[in-house]
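Colleague: I should like to go through this model with you, beginning with the term on which several of the answers will depend.

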Amino acid sequence: MTFIDPRAKTLRHIDRLAGWDRGETPAPVTVEWDLSNRCSLGCQSCHFAHTHTRGPWVQKSRALPMAFDGTGDLADMELVKRTLAEMAESGVRGIVWSGGGEPTLHPEWRTAVQLARMVGLEQGMYTLGGHLAELEAKVLREAAAWVVVSLDAANADDYAREKSVLANRFGAACSGIVRLTGGAAAIGVSFLLHSKNWTKAEDMLALSRGLGATYATFRPAIEFSADAPSRATGDRSWIPAARPMLEALARESDVEIDPARFQQYADWHGHGYTACRGPRLNTTITPDGRVWLCPQRRGVAGSCLGDLRTESFGAIWARHPGHYTVDDGCRVMCRLHPVNETLHALSQPRAHEAFV
């Protein structure tokens with residue numbers, strides 16, 4: 001792996017981890033900010049459909065993962081401006097424009113990108129790609145370190161089924177990818193694999209290459225119980241059969257994939273640790289300006305650190321507990337699971353530690 005390697009990246013921030021061990025609260029390395037809770041797609045694997053304020057999912061029955069409080073519609077740009085400066089001053093290194101919803105549906109998203117650039121934050125974006133005209137793409141490819149477009153299909157018909165939209169939206173997403181290429185940003189194309197599409201992974205890679213992307217990334221589409229997000233559901237029987245193909249993809253220089261992650265999902269028996277420490281290095285802000293301990297628990301009671309509308313980022317972060325206890329509300333293969341595995345291993349005492 002080259003761009004996506006959360007386990008190894010965690011070890012690049014030993015200074016911050018040591019600060020936590022000393023009882024300090026060093027700033028997170030990365031902040032994920034949902035500029036928008038609107039989305040024009042209805043992706044069947046969306047884990048944040050319950051946050052959406054507009055788009056196909058709003059018209060559907062949405063099983064909430066747990067007691068949920070709305071997290072806003074669009075971020076206030078004056079609040080974004082103030083907080084980006086505070087984050088940069090505190091030592092935050094990177095900002096990810098994410099969701100929630102689709103960040104490019106915020107009418108002032110380009111302003112947010114330029115503001116982050118002005119204060120010296122590195123930035124990336126997860127996007128559906130289909131709303132990027134040439135001017136918008138130019139801003140992003142010049143200001144961002146990376147952009148990942150969630151495509152999940154190799155052709156228009158599959159895209160329409162996966163995303164619950166008209167087939168012509170596939171062409172719009174592909175055009176967005178092409179427009180993003182040629183700048184400073186690394187451009188990734190993301191594909192979620194499941195029982196009905198994994199045999200098309202090679203076609204997906206060929207498409208990514210044809211569009212000029214820097215790399216393609218493949219992950220398992222995670223299904224879990226809405227009542228107990230720590231319990232895996234859905235068909236995982238395809239994963240053993242797919243392993244040879246996944247291992248072959250892992251040998252390609254322009255592919256980001258972790259075959260062990262697929263197998264871990266197939267064999268899921270729980271997180272394997274009780275203390276979640278990943279949020280020491282990463283936090284999430286929703287469009288309403290609230291800061292959350294965990295990206296998977298946006299809007300969940302007890303997970304809010306504070307509200308940027310009434311406090312500074314530094315004051316909110318100073319209250320960070322450092323960890324919380326993993327429970328049934330912790331999602332299968334959660335966003336910070338690889339980070340937590342690394343931090344759990346580091347926290348375990350070893351025999352003869354004086355001898356390395």
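Modeller: A residue is called buried when its relative accessible area is under 20%, and exposed when that area is over 50%. Please keep in mind throughout that the model is predicted.

Colleague: With that cut-off, is R298 buried or exposed?

Modeller: The relative accessible area of R298 is 2%. Since buried means under 20%, R298 is therefore classed as buried.

Colleague: Which residue meets the side chain of R298 in a salt bridge?

Modeller: The N to O distance of this salt bridge is 2.6 Å. The partner lies in strand β1 (residues 30-34), while R298 lies in the loop between β10 and β11, so the pair ties together parts that are 264 residues apart in sequence. At 0% relative accessibility, the partner counts as buried. The residue that meets R298 is D34.

Colleague: How many salt bridges does the whole structure hold?

Modeller: One of the pairs joins R280 to D21 at 4.0 Å, N to O. R280 lies in the loop between β8 (275-276) and β9 (282-285) and D21 in helix α2 (residues 14-21), so this pair ties together parts that are 259 residues apart in sequence. R280 is buried at 11% relative accessibility, whereas D21 is exposed at 63%. A search of the whole structure finds a number of salt bridges equal to 22.

Colleague: How many residues apart in sequence are the parts that D254 and R209 tie together?

Modeller: The side chains of D254 and R209 meet in a salt bridge of 2.7 Å, N to O. D254 is buried, with a relative accessible area of 16%, and R209 is partly exposed at 41%. D254 lies in the loop between α9 (238-250) and β7 and R209 in helix α8 (residues 201-210), so the parts tied together are apart in sequence by 45 residues.

Colleague: Which residues are linked with R7 in a network of salt bridges?

Modeller: A salt bridge requires a side-chain nitrogen of Lys or Arg within 4 Å of a carboxyl oxygen of Asp or Glu. In this network, R7 is linked with D258 and E341.

Colleague: R331 is buried yet has no salt bridge; how far away is the nearest side chain of opposite charge?

Modeller: R331 sits in the loop between β12 (324-325) and α12 (337-347). Its side chain reaches the backbone oxygen of M333 at 2.5 Å. Beyond four places in sequence, R331 touches H47, I222, F224, P229, S230, H271 and Q296. The nearest side chain of opposite charge belongs to E32, at 10 Å.

Colleague: Let us turn to the sheet. Which strands stand at its edges?

Modeller: Ten strands form an open sheet of mixed pairing, in the order β7-β6-β5-β4-β3-β2-β1-β9-β10-β11. Each edge strand has a single partner strand, so one side of each is left without a neighbour in the sheet; the two are β7 (255-257) and β11 (304-307). From one strand to the next, the twist averages 20°.

Colleague: Which residue of β3 stands opposite I95?

Modeller: Strands β2 (residues 94-98) and β3 (residues 122-127) run parallel and are joined by four bridges. Opposite I95 in β3 stands Q123.

Colleague: How many of the six residues of β6 are buried?

Modeller: β6 runs parallel to β5, to which six bridges join it, and F191 stands opposite F218 in β6. Helix α10 (residues 259-266) lies across β5 (186-193), β6 (215-220) and β7, at about 15° to β6. β6 is largely enclosed by the rest of the structure, because its buried residues number five of the six.

Colleague: What is the relative accessibility of W292?

Modeller: W292 belongs to strand β10 (residues 290-292), and its side chain reaches the backbone oxygen of R290 at 3.4 Å. Leaving aside neighbours within four places in sequence, its contacts include T71, R297, R298, C304 and L305. W292 counts as buried, because its relative accessibility is 2%.

Methods: Residues are numbered from 1 along each chain as its sequence is written. This is a predicted model: local features need pLDDT of at least 70, side-chain atom pairs count only at pLDDT 80 or more; totals for chains, interfaces and linings use all residues. Side-chain values use heavy atoms; hydrogens and water are left out. Two strands pair if DSSP finds at least two bridges between them. Axes are lines fitted to C-alpha atoms, for helices over the stretch in contact, and angles run from 0 to 180 degrees between N-to-C directions. Contact means heavy atoms within 4.5 Å. Buried means under 20% relative accessible area, exposed over 50%, partly exposed in between (1.4 Å probe, protein chains only). Lys and Arg count as positive and Asp and Glu as negative; His and the chain ends are not counted. A polar contact is a pair of N or O atoms within 3.5 Å; within protein, one must be able to donate a hydrogen and the other to accept it, and residues adjacent in sequence count only if both atoms are side-chain atoms.
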